[in-house]
Amino acid sequence: MHVQEWLETIPAVSIYALVGLVIGLESLGIPLPGEIILVSAALLSSQHGEINPVVLGACASAGAIIGDSIGYAIGRKGGRPLLAWLGAKFPKHFGEGHIATAERSFEKWGMWAVFFGRFVALLRIFAGPLAGVLRMPYWKFLIANVLGGIIWAGGTTAVIYYVGVVAESWLKRFSWLGLVLAVLFGVTSMLVLKRKAKKAQGAVREVEAVGAGE
């Protein structure tokens with residue numbers, strides 16, 4: 001069965017729930033393809049009236065905000081030991097280099113790292129927990145979290161939805177195209193961030209080596 005035909009068999013409420021759940025878990029700190037799911041669902045809504053893009057965007061926004069908030073609470077309670085445990089369990093996502101890159105972003109931008117982090121794959125996973133670990137005041141975190149969640153989730157849904165409507169004839173097989181485009185975007189951003197993370201990790205090891213030598 002074609003992917004589009006298969007997606008058509010899924011009730012709209014299930015798609016809303018799936019999008020909100022995946023984005024919420026990703027925002028909480030679990031590496032999941034939230035952006036791919038959202039793009040695919042938004043494209044699907046542009047082709048089928050049963051899926052309301054406003055409800056879809058609202059569910060995605062809610063998942064992002066709630067997930068980040070839970071991640072903040074966990075990070076605040078777990079502190080540095082939590083990051084060390086995650087680094088040992090998931091070195092590819094929570095390695096020293098990745099954490100160092102995220103921490104530098106927080107030092108540079110403060111609360112806006114939470115806002116802008118919503119638009120970057122790696123920071124989207126780190127933002128909530130790391131804000132809690134670094135004891136960012138909750139009111140600052142909440143403002144950036146709500147604004148970032150609504151603009152990212154709602155904006156992505158709106159843009160992809162209208163692209164799908166305008167290019168309906170061209171996007172006959174939008175399910176595949178949407179996935180391919182999202183995957184390419186996600187892979188590119190991850191490669192760039194991994195490169196930065198490796199540099200940061202090297203810098204951390206150099207500092208540790210100098211400290212050990214003294």
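Helices here are DSSP runs of H or I with at least four residues, numbered from the N terminus. With that in hand, welcome to a predicted model whose chain holds 10 helices and zero strands. Along the sequence the pattern reads α-α-α-α-α-α-α-α-α-α. The points below go from the whole chain to one enclosed helix, then to three buried residues and a patch on the surface.

**The chain as a whole**
- The chain has 214 residues, and 45% of them count as buried.
- About 11,400 Å² of the chain is exposed, and carbon and sulfur atoms supply 69% of that area.
- Among contacts with a separation of 6 or more, 80% come from residues 24 or more positions apart.

**Helix H3, an enclosed element**
- Helix H3 covers residues 34–47, which makes 14 residues.
- From its first C-alpha to its last, H3 reaches 20 Å, close to the 20 Å expected at 1.5 Å a residue.
- Of the 14 residues of H3, 11 are buried, so this helix is largely enclosed by the rest of the structure.
- The buried residues of H3 include Gly-34, Glu-35, Leu-38 and Val-39. Ala-41, Ala-42, Leu-43 and Leu-44 are also among them, as are the serines Ser-40, Ser-45 and Ser-46.

**Helix H4: Gly-63 and Ser-69**
- Helix H4 spans residues 53–89 and contains Ser-69; Gly-63 is found in H4 as well.
- Gly-63 has a relative accessible area of 8%, and because buried means under 20%, this glycine is buried.
- Leaving aside neighbours within four places in sequence, Gly-63 is in contact with Gly-20, Ile-23, Gly-24 and Ser-27.
- Gly-63 and Leu-25 are 38 residues apart along the chain, yet their C-alpha atoms are separated by 7.9 Å.
- Ser-69 has 18% relative accessibility, which is under the 20% cut-off, so Ser-69 counts as buried too.
- With neighbours within four places in sequence left aside, the contacts of Ser-69 are Tyr-138, Phe-141 and Asn-145.

**Helix H9: Thr-157 inside, Ile-143 partly exposed**
- Helix H9 runs over residues 138–166 and includes Thr-157; Ile-143 also has its place in H9.
- Thr-157 counts as buried, at 2% relative accessibility.
- A polar atom of the Thr-157 side chain lies 2.8 Å from the backbone oxygen of Ala-153.
- Not counting residues up to four places away in sequence, Thr-157 touches Leu-38, Ala-42, Pro-53, Leu-56 and Gly-57.
- Two of these partners, Leu-38 and Ala-42, are listed among the buried residues of H3.
- Ile-143 is partly exposed, with a relative accessible area of 38%.

**The nonpolar patch on the surface**
- Which residues form the nonpolar patch on the surface? Trp-109, Trp-112, Phe-116, Phe-119, Trp-139, Ile-143, Leu-147 and Ile-151 do, with about 800 Å² of accessible area together.
- Helix H7 (112–117) and H9 each supply at least two residues of this patch.
- H9 gives the most to the patch, with four residues.
- Ile-143 is one of the residues in the patch, and its place is in helix H9.

Terms used. Residues numbered from 1 in each chain as written. Predicted model: local features only at pLDDT ≥ 70, side-chain atom pairs only at ≥ 80, totals over all residues. Heavy atoms only, no water. Buried < 20%, exposed > 50% of the residue type's maximum accessible area, 1.4 Å probe, protein only. Contact = heavy atoms within 4.5 Å. Expected span 1.5 Å × (residues − 1). Polar contact = N/O pair within 3.5 Å; in protein donor to acceptor, adjacent residues only side chain to side chain. Patch = residues over 30% accessible without salt bridge, like charges linked within 9 Å, V, L, I, M, F, W, Y side chains within 5 Å. Areas by Shrake-Rupley, 256 points an atom, 1.4 Å probe, with all protein chains shown as cover. Salt bridge = Lys/Arg side-chain N within 4 Å of Asp/Glu carboxyl O.
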